[in-house]
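Colleague: Thanks for sitting down with me over this one. Could you walk me through the fold, one question at a time?

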Amino acid sequence: MRARRGAGYCLKQDCSGFGQPFLLMRPSVPFECPVCMRTGVLETERWARTGEGALVTEVRVDFDFDPERRRYRKRTLKVERGLEGRRSVVTLQSPLIDTREQAIRVARRLLDTLNARARFSLRDPTPAKATRRDLIAEGWTVLA
Ligand SMILES: [Zn+2]
């Protein structure tokens, strides 16, 4: 499990940054709201893999992060059919994914990427990185 990108949230209702995600390419603790300079909530993107299979049989993507409850509201699954043998499940939790359409796209890409790499016998899969431009196009505010 690795921390990668993250999002910071200001939970002060009197702040104009309230509830708005601030994208952080290199998250550091604690998150300080860039508007009111008070400490907020930081959620980092992370993934975990369970199971013994070399090929990934299922990808789960947790999305629609709720900063007040500090949990994800939704999950989507992508299952690779027709793979025999041992199961291997990858779970990605990302505060950068808001919609089911995005989550499905990420799950599909992750499954394809991980299995393409596994087929080349690489044992340390890493999700494909979105570029700064992709993130800005999705409506994120890039801070660092
Ligand atoms: Zn604030």
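Colleague: In which sense do E5 and E7 pair?

Modeller: Keep in mind that this is a predicted model. Five bridges connect E5 and E7. Among the facing residues, Arg60 has Thr91 in E7 as its bridge partner, and Asp62 has Gln93 in E7. The sense in which E5 and E7 pair is parallel.

Colleague: And how many bridges join E5 to E6?

Modeller: Here the two strands run antiparallel, and Val61 stands opposite Thr76 in E6. They form a hairpin with four residues between them. The number of bridges joining E5 to E6 is eight.

Colleague: Which residue in the turn of that hairpin has a positive phi?

Modeller: Look in the loop between E5 and strand E6, which spans 71–79. The phi there is about 55 degrees, although the residue is not a glycine. With 10 C-beta neighbours inside 10 Å, this residue counts as exposed, because the cut-off for exposed is 12 or fewer. The residue in the turn is Arg70.

Colleague: Is Asp64, in strand E5, buried or exposed, or something in between?

Modeller: Asp64 lies in strand E5, residues 58–66, and its phi is near 60 degrees, a positive value in a residue other than glycine. Its C-beta has 17 neighbours inside 10 Å. Buried needs 20 or more and exposed needs 12 or fewer, so Asp64 counts as partly exposed.

Colleague: Let's move to E4. Over how many bridges do E4 and E7 pair?

Modeller: E7 covers residues 88–93, and its pairing with E4 is antiparallel. Two of the facing pairs show this: Arg49 stands opposite Val90 in E7, and Arg46 stands opposite Gln93 in E7. The number of bridges between E4 and E7 is six.

Colleague: What is the order of the strands in the open sheet?

Modeller: The pairs we have gone through can be put together now. E4 pairs with E7, E7 pairs with E5, and E5 pairs with E6. The pairing in this open sheet of four strands is mixed, and the order is E4-E7-E5-E6.

Colleague: Which strands are the edge strands?

Modeller: An edge strand here pairs on one side only. From one strand to the next, the twist averages 20 degrees. The edge strands are E4, residues 46–51, and E6.

Colleague: Which helix packs on the sheet?

Modeller: The helix spans residues 100–119 and touches E5, E6 and E7. Its direction makes about 50 degrees with that of E6. The helix is H1.

Colleague: Which element gives the most to the largest nonpolar core?

Modeller: That core has 21 residues, and those with the most contacts inside it are Val61, Val90, Val106 and Leu110. Strand E1 (6–9), strand E2 (21–24), E5, E7 and H1 each supply at least two residues. With five residues, the element that gives the most is H1.

Colleague: With which residues is Val61 in contact, leaving aside its neighbours within four places in sequence?

Modeller: Val61 is one of the residues with the most contacts inside the largest nonpolar core. Val61 also stands opposite Thr76 in E6, and Thr76 appears among its contacts. The full list is Arg75, Thr76, Leu92, Ser94, Ile97, Ala103, Val106 and Ala107.

Colleague: Is Ala7 buried or exposed?

Modeller: Ala7 lies in strand E1. Beyond four places away in sequence, Ala7 touches Pro21, Phe22, Leu23, Leu24, Glu43, Pro95 and Leu96. With 25 C-beta neighbours inside 10 Å, against a cut-off of 20 or more, Ala7 counts as buried.

Colleague: What separates the C-alpha atoms of Ala7 and Pro67?

Modeller: Along the chain, Ala7 and Pro67 are 60 residues apart. In space, their C-alpha atoms are separated by 9.6 Å.

Colleague: To finish, what share of the contacts with a separation of 6 or more comes from residues 24 or more positions apart?

Modeller: The chain has two helices and eight strands, and from the N terminus on its elements run β-β-β-β-β-β-β-α-α-β. Of its 144 residues, 27% count as buried. The share of those contacts made by residues 24 or more positions apart is 63%.

How values were computed:
Residues are numbered from 1 along each chain as its sequence is written. This is a predicted model: local features need pLDDT of at least 70, side-chain atom pairs count only at pLDDT 80 or more; totals for chains, interfaces and linings use all residues. Two strands pair if DSSP finds at least two bridges between them. Axes are lines fitted to C-alpha atoms, for helices over the stretch in contact, and angles run from 0 to 180 degrees between N-to-C directions. Two residues are in contact if their C-beta atoms, placed from the backbone, lie within 7 Å. A nonpolar core is a set of buried Ala, Val, Leu, Ile, Met, Phe, Trp, Tyr and Cys residues joined through C-beta atoms within 7 Å.
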